[in-house]
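Subject: Structure handover

Hello,

Here is the structure we talked about, with the sequence. Please open it next to this email and follow along as you read.

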Amino acid sequence: MSTGTTKLNVTVTEVVAVNELVKRFHFERTDGGDLPTFSGGAHVVVEMRDDGRTRLNPYSLMSSPLNTRDYTISVRRDDVGRGGSLFMHNRVRRGTEMVISYPVNLFSLDLRAKKHLMIAGGIGITPFMAQTSQLAAEGGNFELHYTCRTPALGTYTDVLAQRYGRRVQLYYDDRNEKLPLERLLASQPLGTHLYICGPAGMIRWVRETAAAQGWPDETVHYEHFAAPQPGAPFDVTLAVSGNQIRVGEQQSLLKAIEAAGVDPPYLCRGGVCGQCETNVISHDGVFRHNDHWLSEEDHCSGKKIMPCVSRFEGSSLVLER
Amino acid sequence: MGINFRKETFRDDFTFRNSPEFVRRFPFPFHEDAYMYAVNIEPHVPGPEGSVLENLIDVDEHYVAEMEDRALVLAEDPLRCQSLPHMTLAGWDLLELLMTEQANGYPEHFSLSRDGDRWRWINRPLGIDDTFTFGDVSTLPYGPMEYITRQSQGDFCILDQRDGNLWMDAGMVTTQADWSLDFDIGMNFFEWHAPVPLAHEKGIFTRALKFLTNIQQGKPARRLNWTMTINPRLDTSPENYHKWGTDRMTVTPENVGDKVHLRVELQSFWRLPRSNALVFPIRCYLIKMDELVTSPKWARRLHRVLRDLPQELADYKGLTRYRPTVVEWLSKHDDGAPTSAGFGPD
């Protein structure tokens, strides 16, 4: 059984500086054809060739799913991250040819919802750009609450306010405006589904508040791509391929496995989709699990790891790869 | 050169036949002389020219007759086609998929032209020429799923994906091997597979669900399933059990060749782009024992598979009553010679 997605060859047709931190990139197919239709909430994995290294970062598609002429993504510059966003900001220009994956949706709308209540923080706004376009075209009932640091850093607040008027509520940290979460969640009609995309702390806060108010798990949806965390280097034995590898401080375990010429399946590279789940044959040490895929039980068992985001500290680790 | 569509029936006088070239392209499901469940899923990519896999959505000589039979089933029982309210978008996805695949694969029989949202669909075998607005239900005579699946061979289940599971929330099911959409509608993957023996213990459904929920756009997958049917009847539904259940008592050594059919389902799995749902076309192929034994390899192999099939599986597939008669009949076509590897007829 093969996994993974088909690749698309695209050309950057436009790069727009949205504000001090965010740039928007437009992609069209290099061969001039139409791109695949997608559903709101989908992401693509962008391949970045950086002096012999390949980075693979997922970004939510923010264009209208009805538009198959071009795809757009928005990238927030992260000066202390692993460098993917810096590569996009500093090296990618109009005319750059790139490879992206087919769209994959791990943050799908539940189309049974009577109302879609969306909560975004910062650059977490991007999947909602596509979802609101999709819902607006179908006459769907949605409401978006969006928190930003300052008006100057409020990515797409102007576009959203213009498109949707009072269906969008903005909250600015520098004005001490606070999302009235408890009141908001308590006042929703039956059949409302809740969607959250933003920093980890925000996702936790909204999920916990919803749970405390008795929202069923099935109605609470969130997307959180964990960025692989740096950490102390560690050594790994890949039992199937017979490789000994060292995972660098800034490198993910998945990247290190790939660098050894082994190709595990992957989709999101963010600890969400489950594709790269790997069996642990033996270990002597402590796992640093950072994924949202494995159960608590799996984390404690010491028998599985998600190499895209999780790490290990100890004297030996043998994986079934 | 187009397909020569047969005029035939799947009920009453049962005039269904395969012409010789369609016997050769039959998707024989056994790659060895024994059968056991496996997650036998593979990428759904085009296969050899002249095979049922040449096009990813196959149209064959039975197309017109199958669509007539479907219309008869629906006229008697409209609940064979159901779509829960949130599945309309997935219905449009399916309409696009089937129109595109049929028009690309069989341009002499089907054409699709698109001008933005204005689409024109021509289906020559059924005499249809409709112009409609994609996304606007009021411009079609039926909902989008019903409209296109009245014009496409095989059953179709559309599965909504949520909460890490798949939900049977829409479908057109008129050619089924004894299961009911009306009964299963709204169920999740484990609920609708609950009656299957042996496979749960092997963890097959857990693994299959994981695979299916990860199927990506542009990368469909497929598997074959099989059973047997007495008389070439497409509609072997629980709703009509009273019409076909007793057929199983009519098998005699004299009529096996004409009455007993191997029934193969080509099941494929596709991610739909706008709705993020999965569609699961289940295409049914029938072949008479008389037709099947024109391939000596298939005759030998089917004899061995049926003879050695575990009793639970024979019971589940509903073969118990007539299996000995069929095995005895097939044994006359099995000289004990070894069979070559693979599915082909030799």
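**Chain A as a whole**

Chain A contains 7 helices and 17 strands. Please keep in mind throughout that this is a predicted model. With 321 residues, chain A would be expected to have a radius of gyration near 20 Å if it were a compact globule, and its value of 20 Å agrees with that. The C-alpha trace of chain A spans about 60 × 50 × 40 Å along its principal axes.

One part of chain A carries an annotation. An unreviewed UniProt entry lists residues 5-110 of chain A as "domain: FAD-binding FR-type". Over residues 5-110, chain A is 8% helix and 46% strand. The C-alpha atoms at the two ends of that stretch are 23 Å apart.

**The parallel sheet of chain A**

In which order do the strands of the open sheet with parallel pairing in chain A lie? The order is β10-β9-β8-β11-β12, which makes 5 strands. At the edges are β10 (168-172) and β12 (220-223) of chain A, and each of them pairs on one side only. From one strand to the next, the twist averages 15°.

To see one pairing in detail, look at strands β8 (residues 115-121) and β9 (residues 142-148) of chain A, which run parallel and are joined by 6 bridges. Within this pair, A:Met118 stands opposite A:Leu144 of β9(A). Helix α2 of chain A, residues 126-137, packs on the sheet and touches β8, β9, β11 (192-197) and β12 of chain A. The direction of α2 makes about 160° with that of β9(A). Helix α3 of chain A, residues 157-164, also packs on the sheet, where it touches β9 and β10 of chain A. The direction of α3 makes about 150° with that of β10(A).

**A hairpin in chain A**

Further along the chain, strand β13 (residues 234-238) and strand β14 (residues 243-247) of chain A run antiparallel, with 5 bridges between them. A:Leu238 has A:Asn243 in β14(A) as its bridge partner. The hairpin of β13(A) and β14(A) has 4 residues between its strands, and A:Gly242 takes a positive phi near 70° there.

**Chain B as a whole**

Chain B has 13 helices and 10 strands. For 346 residues, a compact globule would have a radius of gyration near 20 Å, and chain B agrees with this at 20 Å. Its C-alpha trace spans about 60 × 45 × 40 Å along the principal axes of chain B.

**The antiparallel sheet of chain B**

Chain B has an open sheet of 7 strands with antiparallel pairing, in the order β1-β8-β9-β10-β6-β7-β2. Why is one side of β1 (42-43) and of β2 (81-83) of chain B left without a neighbour in the sheet? These two strands stand at the edges and each has a single partner strand, so one side of each has no neighbour in the sheet.

Strands β6 (residues 155-162) and β7 (residues 165-172) of chain B run antiparallel and are joined by 7 bridges. In this pair, B:Gln161 stands opposite B:Leu166 of β7(B). Helix α7 of chain B, residues 204-213, packs on the sheet, touching β6, β7, β9 (260-271) and β10 (278-288) of chain B. The direction of α7 makes about 75° with that of β7(B).

**Two packed helices in chain B**

Two packed helices are described by the angle between their axes and the distance between the axes. For α11 (residues 296-308) and α13 (residues 323-331) of chain B, the angle is about 150° and the axes are 9 Å apart. The crossing of α11(B) and α13(B) is left-handed. On the α11(B) side, the residues are B:Ala299, B:Leu302, B:His303, B:Leu306 and B:Arg307; they meet B:Arg323, B:Val326, B:Val327, B:Leu330 and B:Ser331 in α13(B). The residues of this contact divide into 6 nonpolar, 2 polar and 2 charged.

**Where the chains meet**

How many residues of chain A are in contact with chain B? There are 21 in chain A, in contact with 17 residues of chain B. On the side of chain A that touches chain B, the residues divide into 9 nonpolar, 9 polar and 3 charged.

Regards

Methods:
Residues are numbered from 1 along each chain as its sequence is written. Chains are lettered from A and ligands numbered from 1 in the order in which they are written. This is a predicted model: local features need pLDDT of at least 70, side-chain atom pairs count only at pLDDT 80 or more; totals for chains, interfaces and linings use all residues. Two strands pair if DSSP finds at least two bridges between them. Axes are lines fitted to C-alpha atoms, for helices over the stretch in contact, and angles run from 0 to 180 degrees between N-to-C directions. Two residues are in contact if their C-beta atoms, placed from the backbone, lie within 7 Å. UniProt positions are given in the numbering used here, feature names are shortened, and annotations may be inferred rather than shown by experiment. A crossing is left-handed if the near helix is turned anticlockwise from the far one by less than a right angle, and right-handed if clockwise. Ala, Val, Leu, Ile, Met, Phe, Trp, Tyr, Cys and Pro count as nonpolar, Asp, Glu, Lys and Arg as charged, and the others, Gly among them, as polar. The radius of gyration is taken over C-alpha atoms; the globule rule is 2.2 Å times the number of residues to the power 0.38.
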